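Here are my notes on the model, set out as numbered points. Please read them beside the sequence and the structure.

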Amino acid sequence: MSEPDRIVRLKTVLSRTGLSRSTVYRKIAEGTFPAQIKISVNGAGWRESDVNRWIADPVAWHTSASRKKSD
């Protein structure tokens with residue numbers, strides 16, 4: 001059985017990707033970076049597997065293909 005996907009917060013995403021906060025949100029808007037998921041009323045995070053896939057191949061990552069691969 002595989003382990004559940006962890007949710008990582010912005011600070012972790014910034015440190016792992018080397019991107020700035022504004023670049024992360026711009027790339028989300030462009031569809032070239034994984035979007036956040038809502039985890040509470042005031043909180044959001046990223047699926048660690050999505051961030052890892054982006055880190056492995058940022059040029060080829062695209063929103064439409066991302067969730068279909070893992071679902």
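1. In what follows, a residue is called buried when its relative accessible area is under 20%, exposed when it is over 50%, and partly exposed in between. The model is a predicted one, and side-chain atom pairs were counted only at pLDDT 80 or more.

2. I would begin with helix H3, where Glu48, Asp50, Val51 and Trp54 are buried. Seen down the axis of H3, these buried residues fall within an arc of 160 degrees, so they line one face of the helix. Two of the four are acidic, and each is taken up again below with its partner, Glu48 with Arg6 and Asp50 with Arg53.

3. What does the largest nonpolar core consist of? It has 10 residues, namely Val8, Leu10, Val13, Leu19, Val24, Phe33, Trp46, Val51, Trp54 and Trp61. At least two residues of this core come from helix H1 (10-17), and at least two from helix H3 (48-56). Val51 and Trp54 thus appear both in this core and among the buried residues of H3. As general background, nonpolar side chains in soluble globular proteins tend to be buried together.

4. The sheet is open and is formed by 3 strands in the order E1-E3-E2, with antiparallel pairing. Its edge strands are E1 and strand E2 (37-38), each of which pairs on one side only. Helix H3 packs on this sheet, where it touches E1 and E3, and the direction of the helix makes about 60 degrees with that of E3. Between E2 and strand E3 (residues 44-47), which run antiparallel, there are 2 bridges, and Lys38 stands opposite Ala44 in E3.

5. How many salt bridges does a search of the whole structure find? The search finds 4, and the one between the side chains of Arg6 and Glu48 has an N to O distance of 3.1 Å. Arg6 lies in the segment before strand E1 (7-8) whereas Glu48 belongs to helix H3, so this pair ties together parts that are 42 residues apart in sequence. Glu48 has a relative accessible area of 18% and therefore counts as buried, although that value should be read against the cut-off of 20%.

6. A second salt bridge within the structure joins the side chains of Asp50 and Arg53, at 2.4 Å from N to O. Both residues lie in helix H3, 3 residues apart, which is about one turn of the helix. Are the two partners buried or partly exposed? Asp50 is buried, with a relative accessible area of 3%, while Arg53 counts as partly exposed at 26%. Salt bridges that share partners also join Arg6, Arg16 and Glu48 into one network.

7. Arg26 and Glu30 form a further salt bridge, in which the closest N and O atoms are 3.2 Å apart. These two residues are 4 residues apart in helix H2 (residues 21-30), so about one helical turn separates them. Both partners are partly exposed, Arg26 with a relative accessible area of 43% and Glu30 at 45%.

8. A last point concerns the surroundings of Asp50, which lies in helix H3. Its C-alpha atom is separated by 8.6 Å from that of Phe33, a residue 17 residues away along the chain, and Phe33 is one of the residues of the largest nonpolar core.

Technical notes. Residues are numbered from 1 along each chain as its sequence is written. This is a predicted model: local features need pLDDT of at least 70, side-chain atom pairs count only at pLDDT 80 or more; totals for chains, interfaces and linings use all residues. Side-chain values use heavy atoms; hydrogens and water are left out. A nonpolar core is a set of buried Ala, Val, Leu, Ile, Met, Phe, Trp, Tyr and Cys residues joined through side-chain atoms within 4.5 Å. Buried means under 20% relative accessible area, exposed over 50%, partly exposed in between (1.4 Å probe, protein chains only). Two strands pair if DSSP finds at least two bridges between them. Contact means heavy atoms within 4.5 Å. Axes are lines fitted to C-alpha atoms, for helices over the stretch in contact, and angles run from 0 to 180 degrees between N-to-C directions. The arc is that of the directions from the helix axis to the C-beta atoms.
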